[in-house]
Amino acid sequence: MAEFSDMQLKLPPEEETYHNIFKAKHITTYLNEYVGRPIFHNRSLRDRIRFKFTAKDVERYEESWQVRGICASDGRHQIIQCSKLMIAVGLTTEPKMPDLLEQDSYQGMLLHQKDFGHAQVLSERVNRITVLGAGKSAADMVYQCAKSGKEVTWIIRESGTGPAAFIDIKGHGRYKNASEIGHTRMMLPMMPSCFTNPTLLSRFVQKTKLGQAIDRKIWDNADRDIRQEANYHERSGA
């Protein structure tokens, strides 16, 4: 599930994996090698990527598309012409920052999740960290900060749905980890998505009281298992 069909992923040694899950650095290496391969007309994907290019206008021109923009490196204007145009800029590319009381007088570091990776948050000069929000990105930051020995406060509004879900990574039966289980047809009805068509089973799980009760029971069991695995109240250092 982590590789393209035309280039095999070299799996890391077994000692670097946990239930067949490995660190993101191996995917980074794989993707870096992939974009450097000659793919079409002796040009790699890396050769086709335009960095620091700001698109200013998109226009239909006869049987093709024209994208007008500016190269930040030299300031020159450029027109890119293509027969097919795909818009893949994301739905929420602009970070949303809340208006906090007396925010201007705050002397500490204040940043959005998108800047977390290069903001030196985990440096030795930072001891206490507060994370606002309960989404997946917030959960990732809370875990990373706590693992780095920081004193972490996680703020979640009571009216929300709570923190992002954590599940036990261990697999069951022939599945080596929870990710493999999550990508089976069996689990599909319990994961509503705009990219899948409704089925009789998904309607039962999502639209009927009995199906919803079964769905809650499955996720409650998953939550119970991860709490037992984490052993927050008794494990040393938790």
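The following questions and answers go through a predicted model.

Trainee: How many helices and strands are in the protein, and what pattern do they follow along the sequence?
Mentor: The protein has six helices and seven strands. Read from start to end, their order is α-β-β-α-β-β-β-β-α-β-α-α-α.

Trainee: What radius of gyration does the protein have, set against a compact globule of 238 residues?
Mentor: The C-alpha trace spans about 65 × 55 × 45 Å along the principal axes. For a compact globule of 238 residues the radius of gyration would be near 18 Å. The protein has 23 Å.

Trainee: What percentage of the 238 residues is buried?
Mentor: The protein exposes about 19800 Å², of which carbon and sulfur atoms supply 53%. A residue counts as buried under 20% relative accessible area. By that cut-off the buried share of the 238 residues is 17%.

Trainee: Which helix supplies the largest share of the nonpolar patch?
Mentor: The patch covers about 670 Å² and is made by Ile 167, Met 191, Leu 201, Phe 204, Leu 210, Ile 214, Ile 218 and Trp 219. Helix 5 (200-207) and helix 6 (209-230) each supply at least two of its residues. The largest share, four residues, comes from helix 6.

Trainee: Is Ile 167 of that patch buried, partly exposed or exposed?
Mentor: Ile 167 sits in the loop between strand 7 (151-155) and helix 4 (178-182). Its relative accessibility is 43%. The range between 20% and 50% is the one in between buried and exposed, so Ile 167 is partly exposed.

Trainee: Which residue of strand 4 stands opposite Asp 57?
Mentor: Strand 3 (residues 53-61) and strand 4 (residues 64-71) pair in the antiparallel sense over eight bridges. Their hairpin has two residues between the strands, and Glu 62 takes a positive phi near 55 degrees there. Asp 57 and Glu 59 belong to a salt-bridge network with the residue you ask about. The residue opposite Asp 57 is Arg 68.

Trainee: How far apart in space are Ser 73 and Arg 216, C-alpha to C-alpha?
Mentor: Ser 73 is in the loop between strand 4 and strand 5 (77-82). With a relative accessible area of 66%, Ser 73 is exposed. Ser 73 and Arg 216 are 143 residues apart in sequence, and their C-alpha separation in space is 53 Å.

Trainee: Which residue forms a salt bridge with Arg 128?
Mentor: The structure holds 10 salt bridges. In this one the closest N and O atoms are 3.7 Å apart, and the pair links strand 6 (residues 128-132) to strand 7, 23 residues apart. Arg 128 is exposed at 64% relative accessible area, while its partner is partly exposed at 47%. That partner is Glu 151.

Trainee: Is Asp 168, which forms a salt bridge with Lys 170, buried or exposed?
Mentor: The closest N and O atoms of Lys 170 and Asp 168 are 4.0 Å apart. Lys 170 is partly exposed, at 27% relative accessibility. Asp 168 has a relative accessible area of 19%, so Asp 168 is buried.

Trainee: How many residues apart in sequence are the parts tied together by Lys 170 and Glu 229?
Mentor: The side chains of Lys 170 and Glu 229 meet in a salt bridge at 2.8 Å, N to O. Lys 170 lies in the loop between strand 7 and helix 4 and Glu 229 in helix 6, so the pair ties together parts whose separation in sequence, in residues, is 59.

How values were computed: Residues numbered from 1 in each chain as written. Predicted model: local features only at pLDDT ≥ 70, side-chain atom pairs only at ≥ 80, totals over all residues. Heavy atoms only, no water. Patch = residues over 30% accessible without salt bridge, like charges linked within 9 Å, V, L, I, M, F, W, Y side chains within 5 Å. Areas by Shrake-Rupley, 256 points an atom, 1.4 Å probe, with all protein chains shown as cover. Buried < 20%, exposed > 50% of the residue type's maximum accessible area, 1.4 Å probe, protein only. Rg over C-alpha atoms; globule rule 2.2 N^0.38 Å. Pairing = 2+ DSSP bridges.
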